[in-house]
Amino acid sequence: MNECILVTGGSGKFGRVLVRHFAAQGRYVGFTSRSGARIDEVRAALGQAAEFVVGVEADLRDSATLQALPEALAARGCMVRGLVNNARALETLRVDAAGVTARADFLAEFELNAVVPYELTLQFAGNPQHRLRSVVNIGSQYGVVAPNPALYEGTLRTSPIQYGVSKAALSHVTKELAVRLAPQGVRVNCVAFGGVEGRVDMGFKQRYAALTPARRMLEEKEIVGPVQFLLDDASSAVNGQTLVADGGWTLW
């Protein structure tokens, strides 16, 4: 069995960066994706580092699939020591023309951002085939503060309320699990990231830059540092915290 880091949502924007980073270090990585084709894409892009990576097709909103994941990874030689709860589903961020979120989408987003990290963490913390020691939940600046209308050209119609509310819940799940799992030697922390370049147009980037002390959005390479710090022993005294990595967005 190889000690590994599990990254949920490993074929998404953040997940690919994290999987690539840890595999390049020669660390064993397991990751989940809802798409077998996207798993193949991730592994193909890694070159020789793919030998350190195990991809598992899994929809974590399915309870049976989630419960079976520890066994599936153990069967493939992956003993999880670090867990990064990163899974996303862009389809749950829908709003109508007035900016209102349907109940089903609100509940689905909350399930994925708060309930799934809670359940998955407990699954690995209580499984003797694994050796969970550190959990990092991927949060957002919008779990700390509300969105600024100026970023969205004066209206929040396109900013889904379910995202920030569920990320705020994730920060509290982090605190609760940190207390409850401390007797088992498991640390649980969260990173509240600011906006990362890649999915927005130039107008959005310029408005974002004007609203943050860093005067820019985050770069993809800046995703890895906070996550690695909280996973590794360098942060052994840090537990139950939400580390804000937003270029200063939440200071104003």
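Student: In which loop is the place of E153?
Tutor: Good place to start, and keep in mind that this is a predicted model. Look for the loop that follows strand β5 (134–140) and leads into the next helix. E153 has its place there, between β5 and α5 (161–181).

Student: Is E153 buried or exposed?
Tutor: The relative accessible area of E153 is 65%. The cut-off for the exposed class is over 50%. Since 65% passes that mark, E153 is exposed.

Student: What is the phi of E153 near?
Tutor: E153 is a residue other than glycine, and its phi is positive. The value is near 55°.

Student: Which loop holds R215, and what is its phi near?
Tutor: R215 lies in the loop between α6 (202–210) and α7 (224–231). Like E153, R215 is not a glycine and has a positive phi. For R215, phi is near 60°.

Student: How does R215 count by its accessibility: buried, partly exposed or exposed?
Tutor: R215 has a relative accessibility of 48%. Buried would need under 20% and exposed over 50%, with partly exposed in between. The 48% falls between these marks, so R215 counts as partly exposed.

Student: The backbone oxygen of which residue lies 2.8 Å from a polar atom of the side chain of R215?
Tutor: Let's begin with the contacts of R215, leaving aside neighbours within four places in sequence: A209, A210 and W252. One of these residues also offers its backbone oxygen, which lies 2.8 Å from a polar atom of the R215 side chain. That residue is A210.

Student: What distance separates the C-alpha atoms of R215 and G26?
Tutor: Along the chain, R215 and G26 are 189 residues apart. In space, their C-alpha atoms are separated by 34 Å.

Student: And what separates the C-alpha atoms of R133 and D233?
Tutor: R133 is found in the loop between α4 and β5. D233 is 100 residues from R133 along the chain. Their C-alpha atoms are separated by 9.5 Å.

Student: Which residues does R133 touch, not counting those up to four places away in sequence?
Tutor: R133 counts as partly exposed, at 33% relative accessibility. Even with part of its area accessible, R133 has partners elsewhere in the sequence. They are R81, Q184, G185, V186 and R187.

Student: Where is the place of T92, and is this residue buried or exposed?
Tutor: T92 has its place in the loop between β4 (78–85) and α4 (103–125). Its relative accessible area is 2%. A residue under 20% is buried, so T92, in this loop, is buried.

Student: Which backbone oxygen does the side chain of T92 reach at 2.8 Å?
Tutor: Setting aside neighbours within four places in sequence, T92 is in contact with R61, D105, A108, E109 and Q162. The oxygen you ask about belongs to a residue outside that list. At 2.8 Å, the T92 side chain reaches the backbone oxygen of A89.

Student: What is the relative accessible area of T174?
Tutor: T174 lies in helix α5. Not counting residues up to four places away in sequence, T174 touches N137, V188, N189, C190, G240 and Q241. T174 is buried, and its relative accessible area is 0%.

Student: Which residue has a side-chain oxygen that reaches a backbone nitrogen at the start of helix α2?
Tutor: Helix α2 covers residues 36–45, and the backbone nitrogen belongs to A37. The side-chain oxygen comes to within 3.3 Å of that nitrogen. The residue is S35.

Student: What phi does G47 take just after α2?
Tutor: G47 follows the helix and takes a positive phi. The value is about 65°.

Student: Stepping back, what is the radius of gyration of the chain?
Tutor: The chain has seven helices and seven strands. For its 252 residues, the globule rule gives 18 Å, and the chain comes close to this, so it is as compact as a globular protein of that length. Its radius of gyration is 18 Å.

Student: How much of the chain counts as buried?
Tutor: T92 and T174 are among the buried residues. Of the 252 residues, the share that counts as buried is 49%.

Definitions and conventions: Residues are numbered from 1 along each chain as its sequence is written. This is a predicted model: local features need pLDDT of at least 70, side-chain atom pairs count only at pLDDT 80 or more; totals for chains, interfaces and linings use all residues. Side-chain values use heavy atoms; hydrogens and water are left out. Helices (H or I, at least four residues) and strands (E, at least two) are DSSP runs, numbered from the N terminus. The radius of gyration is taken over C-alpha atoms; the globule rule is 2.2 Å times the number of residues to the power 0.38. Buried means under 20% relative accessible area, exposed over 50%, partly exposed in between (1.4 Å probe, protein chains only). A polar contact is a pair of N or O atoms within 3.5 Å; within protein, one must be able to donate a hydrogen and the other to accept it, and residues adjacent in sequence count only if both atoms are side-chain atoms. Contact means heavy atoms within 4.5 Å.
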